[in-house]
Amino acid sequence: MIMARVYNFSAGPAMLPEEVLKEAAAEMLDYEGSGMSVMEMSHRSKTYDNIIKTAEQDLRDLMNIPDNYKVLFLQGGASQQFAAIPMNLMKNKVADYIITGQWAKKAYQEAQIYGKANAIASSADKTFSYIPDCSDLPVSPDADYVYICENNTIYGTKFKTLPNTKGKTLVADVSSCFLSEPVDVTKYGLIYGGVQKNIGPAGVVIVIIREDLITEDTLPGTPTMLKYKTHADNGSLYNTPPAYGIYICGKVFKWLKKMGGLEAIKQRNEEKAKILYDFLDESKLFKGTVRKEDRSLMNVPFVTGSEELDAKFVKEAAEHGLVSLKGHRTVGGMRASIYNAMPKEGVVKLVEFMKEFEKKNL
Ligand SMILES: *Cc1c(COP(=O)(O)O)cnc(C)c1O
């Protein structure tokens, strides 16, 4: 069998480090002498306990997570948190949402089921191509939290400064920028993300939550499985966790540590993104769609201005081993997702191909 790995620019599920995949492959039939795969192992076994505890500790090391925060490995996708967050945190039944794209909007709409969700800022007026000024927003005096989607996967924007929440708890969906750069966890009450963008296989959601926000006092009718307390009290082992997915996440944490941690990965990500953005700024055919100061390091949308050329580009790029470059169905154009696991060579190859395409099609 000839193995041809492509450069996969998918927004998620996305590329994983090749090294991690190889390790997992090598351990597939017999994990550390257990005679079984991690997929077949009891989540109550000593071996698995070690896997999940090591994963948590490595994540704590990487993000420098203070002791008064819990790390929860959950299921249900990032989308399930759109409900879990208000169910657990809406004590006054009021929360403020900053609408910077579809994921923030979906979270906002879901929260309306449970209480009064206010949209206190939005960039919908310009197709979410920028991050609104959040230095002095009309934060509700009784808001239980202020909610952001920190990196907007679909539109390619990122909060470079966190909003001024005027003392209210900050809740952030970091699905598509998780572990892409250092973060000051103390600025947040709750950080969460689905791992299939930048960490691991779909099926795991990581929630990092300050302990005082974990209470019995959830909204009436909150299912046991959606209470943070249930999972916090049981070390994410209340029921069967997404065991294999967590094992892969653990390997990615080790890989990130080996790469030098989040400061080093940030430098690498900046270098990668610069190659692509610099080209977009000088190209006569391709244009970035995001206001410069709000550009994401992870998701880079761009267009040619012609739907026909866009489609041709996506098709020909795929023939050159540069796949999943089609933009989100609601935006059109192209999007290159260049998460942690995308090697620099992948971005260099993409830009070389774009240059060639420009010459032929301008
Ligand atoms: C992909 C994504 C989601 C949805 O994740 P699911 O795990 O599919 O529910 C939510 N927020 C952001 C920022 C995303 O990129």
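Helices (H or I, at least four residues) and strands (E, at least two) are DSSP runs, numbered from the N terminus, and by that reckoning the protein to be toured here has nine helices and 14 strands. This is a predicted model, in which local features need pLDDT of at least 70 and side-chain atom pairs count only at pLDDT 80 or more, while totals for chains, interfaces and linings use all residues. Residues are numbered from 1 along each chain as its sequence is written, and side-chain values use heavy atoms, with hydrogens and water left out.

**The whole chain**

Begin with the C-alpha trace, which spans about 65 × 60 × 30 Å along its principal axes. The radius of gyration, taken over C-alpha atoms, is 21 Å, close to the 21 Å that the globule rule (2.2 Å times the number of residues to the power 0.38) gives for 362 residues, so the protein is as compact as a globular protein of that length.

**The two domains**

Next, colour residues 22-258 as domain 1 and residues 261-361 as domain 2; such bounds come from an automatic or database domain assignment. The centres of the two domains, taken over C-alpha atoms, are separated by 27 Å. Their contact, meaning heavy atoms within 4.5 Å, takes 27 residues from domain 1 and 25 residues from domain 2.

Domain 1 and domain 2 bury about 2,100 Å² between them, 55% of it on carbon and sulfur atoms, where buried area is the accessible area (1.4 Å probe) that two parts lose on being put together, summed over both. Between the two domains there are 13 residue pairs in polar contact, both residues at pLDDT 80 or more. A polar contact is a pair of N or O atoms within 3.5 Å; within protein, one must be able to donate a hydrogen and the other to accept it, and residues adjacent in sequence count only if both atoms are side-chain atoms.

To see the side of domain 1 that touches domain 2, select helix 2 (46-63), strand 6 (151-152), strand 7 (157-158) and helix 6 (243-258), the elements that give two or more residues to it. Helix 6 gives the most, with three residues.

**A salt bridge by the N terminus**

Now select Arg 5 and Glu 18, whose side chains meet in a salt bridge (3.8 Å, N to O); the rule asks for a side-chain nitrogen of Lys or Arg within 4 Å of a carboxyl oxygen of Asp or Glu. Arg 5 lies in the segment before strand 1 (7-8) and Glu 18 in helix 1 (residues 18-26), so the pair ties together parts that are 13 residues apart in sequence. The count by this rule comes to 27 salt bridges, but zero across the interface of domain 1 and domain 2.

**Backbone stops**

Most residues other than glycine have a negative phi, and most peptide bonds are trans. Go to Pro 13, in the loop between strand 1 and helix 1, where the peptide bond from Gly 12 to Pro 13 is cis, with omega near -10 degrees. Then move to Thr 127, in the loop between strand 4 (116-122) and strand 5 (146-149); Thr 127 has a positive phi of about 45 degrees although it is not a glycine.
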